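Student: I should like to learn how the features of a protein model are read. May we work through one example together?

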Amino acid sequence: MPIPQEIIDQVLSRADILDVAKAFHLELKRSGANDFKACCPFHQERTPSFHLNTTRQFYHCFGCGVGGDAVNLVKGLARTDFPGAIRWLGNFYHIPIPEGDDTRDPQERQKSQRRDQGWKLLEEVAGFFQSSLNAPEGKAAREYLQGRGLDEETIRKYRLGYAPNAWDAVCRWALSRGFSQELLMETGIARQSEKSPGNLHDLWKNRVMFPICDELSRVVGFSGRLFTPQEGAKAGKYVNSPDNAFFHKSQILYGFNLARDAFGKAKRAVVCEGQLDVIACHRAGVGEALAAQGTAFTKEHANRLAKARLNRVDLAFDGDAAGLKAIWHTLPLLLARGMNVHLIFLPPGEDPDSLYRRGGPESLRKIMADAHPALPYLLSRLCQETPPDTPEAKASIAQQMLGLYSTISDPLVANGYCQELIQRLSLPSPQAVFDRLAQLRLQEKEAQERGQAPSPPPEALPRQDATAQALFHDLHGVASLAETMLDLCVSYPQVAELWKDLDLGEVMSPQNPVVRALNSLLAGTAEGDWEGAREALFHGELASDTNVSRILGFSAFVQENLTDEILQDKLAKAVEDCQRRLELLELDRQLQAINQELQQNPAPDASLPLLRKSQELARKKALLRKGRQP
């Protein structure tokens, strides 16, 4: 339901951007009294270009251009919308968020209400499945879970449930509570009957149910596990929610919302193959375990782990042919995101769940702690399967390993592995191997560009630490006059007060987001509320613009350890420079208007006064450029 504005204001007043950054395990390094920097969580880089300012409560990345306040940071890192970010912050700061009135535009309000109804339905269906498990009809499902070694505490923690043995149990229950048929289908809870079009039936019947949650611990879908043979049925072992507006299996990682808290301590994530494996790991103290949900590991999954500031991922897949195939599929996705990948070798025929049930938590912890670097292992395995005693065998092994090395994000690391390959196989022409690696890396880059453009390589990212930005006496480094003026007005209310009556409409494009931000701040200042206008700017939609974000995040006109006298002197010079540049823009506008009029009316009696006026304006312009007043 909509969040009352007073609650939003309370959350915003409590939110500290440094708290948020630490909660998501960003590796911040202090770069000033109130400044921090880190490698950006929103794109791949090795040289930090992500800056965070605790005084302004704002962040900006000079590499990819993103920026904003604490709410924007939560939205980006948790991949949620504004209400979701407010609820995350409310939960983080223990601020209760009740329902309230919504003053947004009707279409947006209706869309938001529909989304909230979907969350509510999914949450209540999870409760329905839990109740069904505890009802007499859930006896067989309870016995199955108990037989898998799951106690009542674990069942409650992971909210396991039971889908009754009827094709309309959930539909009847949900419809009786006022939910619509359309919403049941939109959330993937039900689908239309093939035999009776227009009628709905449940997606799950007589299955143990696993709720699937997003990073905010909201239920977004379900996975139903078959626990007893169904005669004549061709149903699979698992039936998962279909992709819909709430559930995207290519992005969801089961257990991520619980595992994230363990990432900082464990310094890794452990990827398993199923929900019961994740639960077993968590029970054994391996809290960093998670699993792909109903699909093979995807690029989006790798991105999700990279955004959690992880640089190591351990794969705990089965040791059979299918598990090895999954490793070869998953490994390049993680290498491309700069991950250091290790492999955990499970005994034949075992998985984390069976290991926990057979040997207990200590046995599972021991196995999950014994991880080996993935790339050296795969090279050794290839050499065992195909001994490199012929040129053809060496070429085959080299080609397969170079295919993996070409996906490594850091070229120095890729070259290091390439050197190991040359030595291991005793390859006679090292340069040919490096040339082949370069060729494959180029092909990899072109393949990415045909699909989704990759992030710029680290060495191509602009390195703009705060100390390298333009200083007061050097305004030539500022991208435009509007940016300079906005920076000054955001930083110093006395400058905004000086310029509050300026009409910029004729010399600056009102469509430019920076100009719009400047105009809104000056308008608020003219009404006597510079502080309120500034606050609205930091939390408004304009803050998402790259240039506005950069200015709000880092000022070229705020320096530490300046005396008041020096500060006032530098401000006066900066304001004078801006006003001179404004006058130049106005003179250019007038000269352009005269030239257009001369083209339209070239008659001598009309053109002579215009030419004199043009000469006078050009003289003023020349004087201004020399720093002198006309």
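The dialogue below takes up helices and strands, sheets, burial, cores and cysteines in turn.

Student: What kind of model is this, and how are its residues numbered?

Tutor: This is a predicted model, in which local features need pLDDT of at least 70, side-chain atom pairs count only at pLDDT 80 or more, and totals for chains, interfaces and linings use all residues. Residues are numbered from 1 along each chain as its sequence is written, and side-chain values use heavy atoms, with hydrogens and water left out.

Student: How many helices and strands does the chain have?

Tutor: Helices (H or I, at least four residues) and strands (E, at least two) are DSSP runs, numbered from the N terminus. In this chain there are 25 helices and 17 strands.

Student: What share of the chain is buried?

Tutor: Buried means under 20% relative accessible area, exposed means over 50%, and partly exposed lies in between, with a 1.4 Å probe and protein chains only. Of the 630 residues in the chain, 47% are buried. Helix α4 (residues 82–92) gives an example, for its buried residues are Pro83, Gly84, Ala85, Ile86, Trp88, Leu89 and Gly90. At the start of α4, a side-chain oxygen of Asp81 comes to within 2.9 Å of the backbone nitrogen of Gly84. Just after α4, His94 has a positive phi of about 60 degrees.

Student: Which way do the side chains of strand β4 point?

Tutor: In a regular strand, side chains alternate between the two faces of the sheet. In strand β4 (residues 58–61), Phe58 and His60 point one way, Tyr59 and Cys61 point the other way, and all are buried.

Student: Which strands pair with β4?

Tutor: Two strands pair if DSSP finds at least two bridges between them. Strand β3 (residues 50–53) pairs with β4 in the antiparallel sense over 4 bridges, and Phe50 has Cys61 as its bridge partner in β4. These two strands form a hairpin with 4 residues between them, where Gln57 in the turn has a positive phi of about 55 degrees. Strand β5 (residues 67–68) is joined to β4 by 2 bridges, also running antiparallel, and Tyr59 has Gly68 as its bridge partner in β5. The hairpin of β4 and β5 has 5 residues between the strands, and Gly65 in its turn has a positive phi of about 90 degrees.

Student: How is the order of strands in an open sheet read?

Tutor: One open sheet of 4 strands has the order β6-β9-β10-β11, with antiparallel pairing. Its edge strands, β6 (161–163) and β11 (238–240), each pair on one side only. Within this sheet, 3 bridges join β6 to β9 (residues 207–213), and Ala163 has Arg207 as its bridge partner in β9.

Another open sheet, of 6 strands, has the order β12-β14-β13-β15-β16-β17 and mixed pairing. Its edge strands are β12 (253–254) and β17 (371–373). Strands β13 (residues 269–272) and β14 (residues 289–292) pair in the parallel sense over 3 bridges, with Ala289 in β14 as the bridge partner of Val270.

Student: Which residues touch the most other members of the largest nonpolar core?

Tutor: A nonpolar core is a set of buried Ala, Val, Leu, Ile, Met, Phe, Trp, Tyr and Cys residues joined through side-chain atoms within 4.5 Å. The largest has 62 residues, and Phe129, Ile189, Phe222 and Met368 touch the most other members. Helix α5 (residues 106–134) supplies the largest share of this core, 8 residues. Apart from this core lies another of 48 residues, including Ala259, Val271, Val313 and Leu375.

Student: What does it mean for Phe129 to touch another residue?

Tutor: Contact means heavy atoms within 4.5 Å. Not counting residues up to four places away in sequence, Phe129 touches Gly161, Tyr162, Ala163, Val170, Trp204, Met209 and Phe222.

Student: How many disulfides does the structure hold?

Tutor: A disulfide is a pair of cysteine sulfur atoms within 2.5 Å. The structure holds 0 disulfides. For Cys40, the nearest cysteine sulfur, that of Cys61, is 3.6 Å away. For Cys272, the nearest cysteine sulfur belongs to Cys281, 3.9 Å away.

Student: Are Cys40 and Cys272 buried or exposed?

Tutor: Cys40 is buried, with a relative accessible area of 2%. Cys272 also counts as buried, at 3% relative accessibility.

How values were computed
A polar contact is a pair of N or O atoms within 3.5 Å; within protein, one must be able to donate a hydrogen and the other to accept it, and residues adjacent in sequence count only if both atoms are side-chain atoms.
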